[in-house]
Amino acid sequence: MAEAATLERKPEAKTEHFDVLIVGAGISGVGGAYHLQQQCPDRSYVVLETQESFGGTWLTHKYPGIRSDSDLYTFGYRFKPWVGKPIATAEEILKYMGEVIEANDLARHIRYRHKITNATWSSKDKRWTIEGTKGETNEPFRITANFLWMCQGYYRHSEGYTPHWKGMEDFKGKIVHPQTWPEDLDYKNKKVVVIGSGATAATLVPAIAGETAHTTLLQRSPTYFIPARNENVLADELRKLEVNEEWIHEIVRRKILFDQEEITRLCFEQPDFAADELIKGVKALLPEGYDVATHFTPKYRPWRQRIAFVPEGDLFQGISSGKASVVTDEIERFTEKGILLASGKELEADIIVTATGFNLNVLGDIAFTIDDKPLVFSDTITYRGMMFTGVPNMVWIFGYFRASWTLRADLVADFVCRLLNQMKKKGAKQVEVKLRPEDKDMKILPWIDTENFNPGYIMRGMHLLPKRGEKPEWAHTQDYWNEKKELPVIDLDGTEFDYK
Ligand SMILES: Cc1cc2nc3c(=O)[nH]c(=O)nc-3n(C[C@H](O)[C@H](O)[C@H](O)COP(=O)(O)OP(=O)(O)OC[C@H]3O[C@@H](n4cnc5c(N)ncnc54)[C@H](O)[C@@H]3O)c2cc1C
């Protein structure tokens with residue numbers, strides 16, 4: 001026995017150590033690596049990524065027509081000009097990210113097929129120990145790092161959210177979630193029902209309708225859309241004038257953000273007028289007499305969620321051609337042949353696509369421990385949606401929902417680099433946020449104000465998310481236009497930062 005145990009024991013591999021460990025090689029993680037290299041060039045770092053390549057959202061989503069729903073001038077990084085059409089396919093976004101990786105020699109820092117399962121902070125050693133599994137064989141690995149830069153996104157990539165409906169097991173056809181779209185799914189000449197009304201459904205329906213016998217978009221309630229040509233007139237003009245791409249990128253970003261600020265203000269100040277204008281835009285693309293009131297007149301105020309851009313109004317073209325239709329109703333149950341609706345109507349289907357959203361994932365489904373005590377994120381309070389009380393040496397990237405996510409990934413990256421440089425200047429090994437004496441009586445609230453913003457996955461997962469305080473410093477305000485002024489001038493010597 002003793003001999004067998006001796007033979008099996010492998011020599012303890014030396015644990016690798018890095019100054020910074022970035023979790024995830026999506027748009028945030030790759031951007032983080034770029035900023036870190038630029039602004040903290042003397043720091044060692046590694047990026048760990050579960051998937052076999054970079055891209056995150058743009059790699060894992062493979063449903064037909066997958067594309068951005070915001071423009072790439074602002075969804076692209078501020079440091080790398082976007083030269084294509086404003087709305088981009090996943091393939092174009094991956095190509096763009098690949099160019100960033102190559103031009104900045106980031107690849108040698110990224111390790112794919114590394115899934116992190118545990119993160120343990122030791123106050124004694126002032127470092128994180130990261131454990132997980134790697135490679136095809138799920139071999140365990142361990143790495144230590146001084147600082148964690150969490151770029152894991154906000155939803156579970158392995159599986160989308162599908163509610164349970166009565167009778168699902170009776171349905172004889174196929175049920176598919178867009179997040180796990182089978183590459184060999186044959187929808188040619190099939191009757192397809194897509195459940196959902198968000199950007200995914202709006203993308204998928206026109207992408208497949210032409211080949212199916214018929215595609216029905218089944219929604220419980222309508223959503224706002226902005227149909228428009230997939231072009232940016234200003235960018236095209238500037239290109240004609242042979243302005244260089246760096247300038248075009250900056251000018252066009254400013255113009256888009258300026259316009260978006262105006263639209264946001266309009267939505268808050270004159271919601272009825274804004275709603276009417278949006279609905280008018282959709283109505284103009286639908287056949288005379290189409291029931292816009294039922295199918296395209298949302299009950300909520302515009303801009304509670306990012307309003308999906310519909311390039312070339314393709315969804316509405318599909319409806320006008322008769323290849324696609326919209327049904328607004330409740331699902332009573334699934335049947336052998338399709339879906340029975342609350343109105344009593346039955347929708348027949350060979351394939352039902354559940355474009356019903358995500359499963360929220362708080363910090364990459366990683367089990368966090370601080371000095372042997374399991375960390376419960378919902379017990380923490382967030383500092384500007386970036387750091388958490390009681391969690392040392394960690395920042396997470398949670399972008400914007402109304403504006404492009406990457407605008408915030410860039411802004412927060414600057415903050416992380418400033419913080420790392422401040423720690424170095426102070427000779428500090430640890431930084432943590434804590435409520436100040438003046439925050440003593442601050443009201444503690446759920447992560448987000450649901451009056452202001454209420455997507456399903458946040459509502460379903462709110463109990464898992466950190467808390468916010470009623471002051472903007474202790475909340476993720478989702479307000480790019482204020483944050484672009486506030487984040488760069490945060491006083492890192494403020495009493496909310498506790499250095500050790
Ligand atoms: C279909 C779709 C379209 C969208 N369109 C837009 C849009 O047009 N504009 C916009 O602003 N936003 C859009 N979004 C939101 C989008 O997810 C974000 O904007 C952005 O891509 C998120 O990037 P990220 O790098 O932060 O996260 P992700 O893209 O989610 O990438 C996170 C990465 O971290 C990895 N990871 C997670 N946990 C672990 C772990 N434990 N160990 C190791 N690696 C881990 C994941 O594998 C993944 O690769 C869209 C989302 C979807 C699903």
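**Group meeting: a walk through the model**

Let's start with strand β10, residues 225-228, where the side chains take turns: F225 and P227 face one way and are buried, while I226 and A228 face the other way and are not. That is a nice example of a general pattern, in which side chains of a regular strand alternate between the two faces of the sheet. Before I go on, please keep in mind that what you see on the screen is a predicted model.

So which strand does β10 pair with? Its partner is β11, residues 308-311, and the two run in the parallel sense over four bridges. If you want a spot to click on, take A228, whose bridge partner in β11 is P311.

Now to the five-stranded sheet. Reading across, the order is β7-β16-β8-β9-β12; the sheet is open and the pairing is parallel. Which strands stand at the edges? They are β7 (174-176) and β12 (324-328); each has a single partner strand, so one side of each is left without a neighbour in the sheet. On average, neighbouring strands here are turned by 20 degrees against each other, ignoring direction.

Inside that sheet, have a look at β8, residues 191-195, and β16, residues 351-354, which pair in the parallel sense over four bridges. V193 has I352 as its bridge partner in β16. A helix packs on this sheet as well: α6, residues 199-209, touches β8, β9 (214-219), β12 and β16. The direction of α6 makes about 165 degrees with that of β9.

There is another open sheet to show you, this one with three strands in the order β13-β14-β15 and antiparallel pairing. Here β13 (331-334) and β15 (346-348) are the edge strands, and each has a single partner strand, so one side of each is left without a neighbour in the sheet. The average turn between neighbouring strands in this sheet is 25 degrees, direction ignored. β13 pairs with β14, residues 338-341, over three bridges in the antiparallel sense, and R333 stands opposite L340 in β14.

While we are in β14, let me point out L341, which is found in that strand. Is it buried or exposed, or something in between? L341 has 17 C-beta neighbours inside 10 Å, so it counts as partly exposed. Leaving out residues up to four places away in sequence, L341 touches D329, E330, I331, E332 and L347. The C-alpha atoms of L341 and H295 are separated by 15 Å, with the two positions 46 residues apart along the chain.

Let's turn to helices. Two packed helices are described by the angle between their axes and the distance between those axes. For α2 (residues 27-39) and α12 (residues 405-426), the angle is about 35 degrees and the axes are 9 Å apart. The crossing is right-handed. On the α2 side the contact is made by I27, S28, G31, G32, H35, L36 and Q39, and on the α12 side by W405, T406, A409, D410, A413, D414 and C417. Sorted by type, the contact has six nonpolar, six polar and two charged residues.

Helix α2 also brings us to the ligand. How many residues surround it? There are 32 of them, and the closest are G24, G26, G56, G153 and W405. You may remember W405 from the contact between α2 and α12. The largest share of the shell around the ligand comes from α2, with three residues, and β4 (114-122) is also among the elements that supply at least two. By type, the shell divides into 10 nonpolar, 18 polar and four charged residues.

Last stop, a few loop residues. H476 sits in the loop between β24 (468-469) and α14 (480-486). It counts as buried because it has 23 C-beta neighbours inside 10 Å. Not counting residues up to four places away in sequence, H476 touches T382, R384, G385, F398, I448 and R468. Of these, F398 is 78 residues from H476 in sequence, yet their C-alpha atoms are 8.5 Å apart.

In the loop that holds H476 you will also find Q478. Q478 has a positive phi of about 60 degrees although it is not a glycine, and with 19 C-beta neighbours inside 10 Å it counts as partly exposed. D365, in the loop between β16 and β17 (367-370), has a positive phi too, near 55 degrees, and is likewise a residue other than glycine. With 15 other C-beta atoms within 10 Å, D365 is partly exposed.

Definitions and conventions: Residues are numbered from 1 along each chain as its sequence is written. This is a predicted model: local features need pLDDT of at least 70, side-chain atom pairs count only at pLDDT 80 or more; totals for chains, interfaces and linings use all residues. Axes are lines fitted to C-alpha atoms, for helices over the stretch in contact, and angles run from 0 to 180 degrees between N-to-C directions. A crossing is left-handed if the near helix is turned anticlockwise from the far one by less than a right angle, and right-handed if clockwise. Two residues are in contact if their C-beta atoms, placed from the backbone, lie within 7 Å. Ala, Val, Leu, Ile, Met, Phe, Trp, Tyr, Cys and Pro count as nonpolar, Asp, Glu, Lys and Arg as charged, and the others, Gly among them, as polar. A residue is near a molecule or strand if its C-beta atom, placed from the backbone, lies within 6 Å of it. Two strands pair if DSSP finds at least two bridges between them. A residue is buried if 20 or more other C-beta atoms lie within 10 Å of its own, exposed if 12 or fewer, and partly exposed in between; C-beta atoms are placed from the backbone.
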